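Hi everyone, thanks for coming. I'll take a few minutes to walk you through what I've been looking at, so let's get it on the screen.

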Amino acid sequence: MKITLVATTALAGALALPAFAQTIGVSIPAATHGWAGALNYHAERTVERLEETYPDMDFVLTTTSDPGTQVSDLEDMVATRGIDALVVLPFESEPLTGPIQRIAESGTWVTVVDRGLAQDGIEDLYVAGDNMSFGQTAGQYFVDNLDSGAKLVVMRGIPSTVDNERVEGFEAALEGSDLEVLAMDHANWNRDNAFTLMQDYLSRFSEIDAVWAADDDQAVGALAAIEQAGRSGEMIVVGGAGMKEMVDRIRNGDETVPVNVTYPPSMISTAIEMTAVGASGAAPMTGEFIIASELITQDNAEDYYFEDSPY
Amino acid sequence: MTDATAKKPAARRSSVNLQAIGPVVALIVLVLIGISLSDNFLSYANVTNVLARSAFIGIIAVGMTFVITAGGLDLSVGSMAAFVAGVMIIAMNAMTERMGVTLPVVLLGMLIALFSGFAAGMINGLLITRAGIEAFIVTLGTMGIYRSLITWLADGGTLSIGYQMGEFYRPVYYGGIAGISWPIIVFALVAIIGEIAMRHTAFGRHCAAIGSNEKVARYSSVAVLRVRLITYALLGLLVGLAVVMYVPRLGSASSATGLLWELEAIAAVIIGGTLLKGGFGRVWGTVVGVLILSLIGNILNLTDFVSPYLNGAIQGVVIILAVVLQRNTGPAR
């Protein structure tokens, strides 16, 4: 890998870095749900911005809808584009660990985003949200704000490590409280599934005080079902990830949707920017960068509202 | 129509009843399980919910019955539904800006949905009949195309109908006549018309004749290509109709809309007794199949009967059982 250093003083927002003739590959899952859509939006925006600022820097952005295709994409990037650095959000940890390890061993800088690999020490940089804290933040809100003995229903996402960690964090927060979890079922981070599941929860339980929808797409489905059943006002719904419609409701003091928990899809921007800096050797960037989940309330909602984002 | 094609279904009718018992038994068993596991199973709200949520897949599955009966297949319906929903929402939002929240906007939106569905179905049909490409390949291709197009239209996110327009259009899903909601009424009408078309019209018999033996059908002067084309166009139109019912529910469409609807529709058709290889179709069986699929999900949600991780397994077992029951009670085909 040959890097020619050209001394320039280009300034780009917060990060100023020397321009390099470098190719950075970015491989992320396709926009199959809202959050992944926002991930794509932020990735594209960041790539555009960096390409404009550093004309010498080249980006290869691919989106994939399954682990197999992602492996092929990575192989193509290395073989035909000769990437110097890779930013990857692995579709699944296990199947991608081997291929990513081989790329890392060939001397390419590797940044892994959000979903960790099955083996430690492969990547140069790890950027991720904190799923435990995501669940814990929501759980803690319920413990602090619901009356004792309150009844909750929980919607889980697609069965995965991410979902398990969130639920684990949630249960840890609830431990020792006298809140009662009536049921937990999967709605697969999908509005339609969440709508159906909430309808069935409402038929099944005559008393529900709070819904942890755990994801804003699921919250949209849950809210529609609650409204249909004419039970708005009986319960609160807490989603997650900071969809702008939800943030807007919190901003306006909606009583059904009092808070939200962040899990910023813009972490891909963090990862790409840090990779550009780290891989070029401009500043040390190796290690882990964990973005904590924060509670969005009416007071701080304004800071989390992004007008142009699709999510 | 010739006598040869008219005789076929008539001769079969005697064996149909025996064969049809399988899925009905499965449905009754499921209902009994539901009643025994949950007090709320037969409540008005739950019954309405289950029937209304079955309507989308149900309306599509009725169309799919004709396609499969004629020896075809359509894998694109789920993606097509998402795409048509996206087009409809974009069009309605654009019209709302000019014409405000008015009835014509809703009616035009519905027409656009029906037309887009019809056009999408025609494209499938023309590629299959005129270009002579395998239905599986054509619809696999269009499945990917429509799924990508909706993702692109929505910029990777979600397309939502304007708030006021959404409220105005909402009753089409949530409202109804005499306590029966619109999606249920429309589903019932589509099923009844479909049943009549399959049993008592030349079109239905031609479908069965083509699926049973295309060459014989052609020699019997059945317009094979035209009937095939009509089945795909009709399915597209029904996808449009399902979307007309779907959009007012959550007022949004995204790349996650209609995921796996094609497989659910095909499963419902096969559970209902239609032959996957074509030649025989039963519309009311399809309706039973759709209800079976919806009920499984509903019962699993209403109880802690099994770990939610196993929902898919339970569904698989019931689907296979329903078909096994039907094969054993009927004569070997």
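Before I start, one definition: when I say two residues are in contact, I mean that their C-beta atoms, placed from the backbone, lie within 7 Å. And keep in mind that this is a predicted model.

Okay, so how many residues does the contact take from each chain? It takes 28 residues from chain A and 27 residues from chain B. On the chain B side, α2 (44–69), α11 (224–250), β4 (252–254) and α13 (283–302) each supply at least two of the residues that touch chain A. As for what that side of chain B is made of, we have 15 polar residues, eight nonpolar and four charged.

Now let's zoom in on one helix pair. Two packed helices are described by the angle between their axes and the distance between the axes. Here, helix α6 of chain A, residues 191–204, packs with α13(B) at an angle of about 50°, and their axes are 9 Å apart. That makes α6(A) oblique to α13(B). The crossing of α6(A) and α13(B) is right-handed. Who's touching? From α6(A) we've got A:T196, A:L197, A:D200, A:S203 and A:R204, and from α13(B) there's B:G297, B:N298, B:N301 and B:L302. Sort the residues of this helix contact and you get five polar, two nonpolar and two charged.

Last stop, a single residue: A:M132, which sits in helix α4 of chain A, residues 131–145. Is A:M132 buried or exposed? Well, A:M132 is partly exposed, because it has 17 other C-beta atoms within 10 Å. Leaving aside residues up to four places away in sequence, A:M132 touches A:E165, A:E168 and A:G169.

Key
Residues numbered from 1 in each chain as written. Chains lettered and ligands numbered in written order. Predicted model: local features only at pLDDT ≥ 70, side-chain atom pairs only at ≥ 80, totals over all residues. Helix = DSSP H or I, 4+ residues; strand = E, 2+ residues; numbered from the N terminus. Nonpolar A, V, L, I, M, F, W, Y, C, P; charged D, E, K, R; others polar. Buried ≥ 20, exposed ≤ 12 C-beta atoms within 10 Å, placed from the backbone. Axes fitted to C-alpha atoms, helices over the stretch in contact; angles between N-to-C directions. Parallel < 35°, antiparallel > 145°, perpendicular 65-115°, else oblique. Left-handed = near helix turned anticlockwise from the far one by under 90°.
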